Amino acid sequence: MEKYYVSYQDIHRTVRKLSGLIRDSGFSPDLIVAIGTGGFIPARILKTYLNLPILTVGIAYYDIHNRPADTPQMIQWIDEVRAKLTGKKVLLVDEVDDSRTTLEYCLRELLKYKPKEVAVAVIHNKDKEKRGTFPAEVKRYFFGEEVKDRWIAYPWDAIDIDQHDRIIRERGGK
Ligand code: G4P
Ligand code: MG
């Protein structure tokens with residue numbers, strides 16, 4: 001199946017739209033938790049519009065002995081970060097809601113630290129059967145764009161960004 005190519009410009013415009021959806025919802029988060037690495041760039045662009053502090057968490061699918069793990073493992077999840085979640089309204093940010101497995105895992109971890117509220121924001125939601133589910137505590141879910149279930153080629157994965165942008169232009173994007 002053909003990949004869906006998105007440019008930095010597309011990302012920025014979609015994140016702007018996403019920030020509008022969050023603001024219009026009346027949800028007013030205290031902070032962003034960005035899931036690394038895909039969530040870093042959307043979180044930073046969201047900060048331009050929502051002006052919130054960003055905490056980050058890393059996820060690994062390998063344990064510390066480099067063996068594959070059954071469940072994703074939270075890494076770079078330092079005590080100081082956890083302490084900042086209690087009683088706060090948290091916006092969890094990632095680039096894509098694909099299988100929802102990582103998101104579910106992160107949400108369950110976040111909820112252990114008793115935030116006041118947790119919402120999820122992603123740039124792209126893939127329209128597909130999800131393996132993960134959002135815990136019942138999660139009442140708000142925002143996505144910038146819903147896309148068909150196909151591979152999204154993000155600009156930050158491009159080795160040759162000019163070639164990446166050329167493909168978008170050839171397909172009539174801008
Ligand atoms: P989900 O909960 O957000 O749905 O994530 P899931 O576990 O299904 O995704 C596994 C990995 O695959 C994630 O990367 C996710 O970003 C990546 N992924 C899923 N669909 C796409 C896609 O269409 N395009 C690209 N480029 N990546 C996709 P990760 O392990 O978190 O790595 P990182 O890239 O965030 O460091
Ligand atoms: Mg990721």
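A polar contact is taken here as a pair of N or O atoms within 3.5 Å. By that criterion, in this predicted model, a backbone N or O atom of aspartate 98 makes such a contact with ligand 1, lying 2.6 Å from an oxygen atom of the ligand. The backbone of valine 96 also takes part, with one of its polar atoms 2.7 Å from an oxygen atom of ligand 1. A nitrogen atom of ligand 1, in turn, is found 2.8 Å from a backbone N or O atom of isoleucine 152. In total, ligand 1 is surrounded by 19 residues, of which Thr37, Asp98, Ser99, Arg100 and Thr102 are the closest.

Several of these names recur in the description of the largest pocket, which encloses about 530 Å³ of space. Its lining consists of 23 residues, and those closest to the centre of the pocket are Asp94, Glu95, Val96, Asp98 and Thr102. Two or more lining residues are supplied by each of strand 2 (31–36), strand 3 (54–62), strand 5 (89–97) and helix 4 (101–111), with strand 5 giving the most, namely four residues. When the lining of this pocket is sorted by class, nine residues are nonpolar, six are polar and eight are charged.

The second largest pocket holds about 170 Å³ of space. Among the residues that line this pocket are Lys3, Tyr5, Trp151, Ala153, Tyr154 and Asp157, together with His164 and Ile167. Helix 5, which spans residues 161–170, contributes the largest share of this lining, with three residues. The lining of the second largest pocket comprises seven nonpolar, two polar and three charged residues.

Attention then turns to the charged side chains, among which 10 salt bridges are counted. One of them involves aspartate 98, whose side chain pairs with lysine 126 at a distance of 3.5 Å between the closest N and O atoms. Because aspartate 98 belongs to the loop between strand 5 and helix 4, whereas lysine 126 belongs to strand 6 (residues 117–126), this salt bridge ties together parts of the chain that are 28 residues apart in sequence. The two partners are not equally accessible: aspartate 98 has a relative accessible area of 25% and is partly exposed, while lysine 126, with a relative accessible area of 6%, is buried, since the limit for burial is set at under 20%.

A further salt bridge joins the side chains of glutamate 117 and arginine 140, with an N to O distance of 2.9 Å. This pair likewise links distant parts of the chain, glutamate 117 being in strand 6 and arginine 140 in strand 7 (residues 140–147), 23 residues apart. Both side chains come from partly exposed residues, the relative accessibility being 23% for glutamate 117 and 26% for arginine 140.

A salt bridge is also formed between aspartate 149 and lysine 128, at 3.7 Å from N to O. Here the connection runs from the loop between strand 7 and strand 8 (152–153), which holds aspartate 149, to the loop between strand 6 and strand 7, which holds lysine 128, and the two residues are 21 residues apart. Aspartate 149 is partly exposed, with a relative accessible area of 37%, and lysine 128 is partly exposed as well, with a value of 29%. Through salt bridges that share partners, Asp98, Lys126, Lys128 and Asp149 are joined into one network.

Technical notes:
Residues are numbered from 1 along each chain as its sequence is written. Chains are lettered from A and ligands numbered from 1 in the order in which they are written. This is a predicted model: local features need pLDDT of at least 70, side-chain atom pairs count only at pLDDT 80 or more; totals for chains, interfaces and linings use all residues. Side-chain values use heavy atoms; hydrogens and water are left out. On a 1 Å grid over the protein atoms alone, a cavity is a set of points where a 1.4 Å probe fits but cannot get out, and a pocket is an open set with protein on both sides within 12 Å along at least five of seven lines; lining residues have an atom within 4 Å of a point. Grid points are joined across faces, edges and corners, and a volume is the space filled by probe spheres set on the points. Ala, Val, Leu, Ile, Met, Phe, Trp, Tyr, Cys and Pro count as nonpolar, Asp, Glu, Lys and Arg as charged, and the others, Gly among them, as polar. A salt bridge is a side-chain nitrogen of Lys or Arg within 4 Å of a carboxyl oxygen of Asp or Glu. Buried means under 20% relative accessible area, exposed over 50%, partly exposed in between (1.4 Å probe, protein chains only). A residue is near a molecule or strand if one of its heavy atoms lies within 4 Å of it. A polar contact is a pair of N or O atoms within 3.5 Å; within protein, one must be able to donate a hydrogen and the other to accept it, and residues adjacent in sequence count only if both atoms are side-chain atoms.
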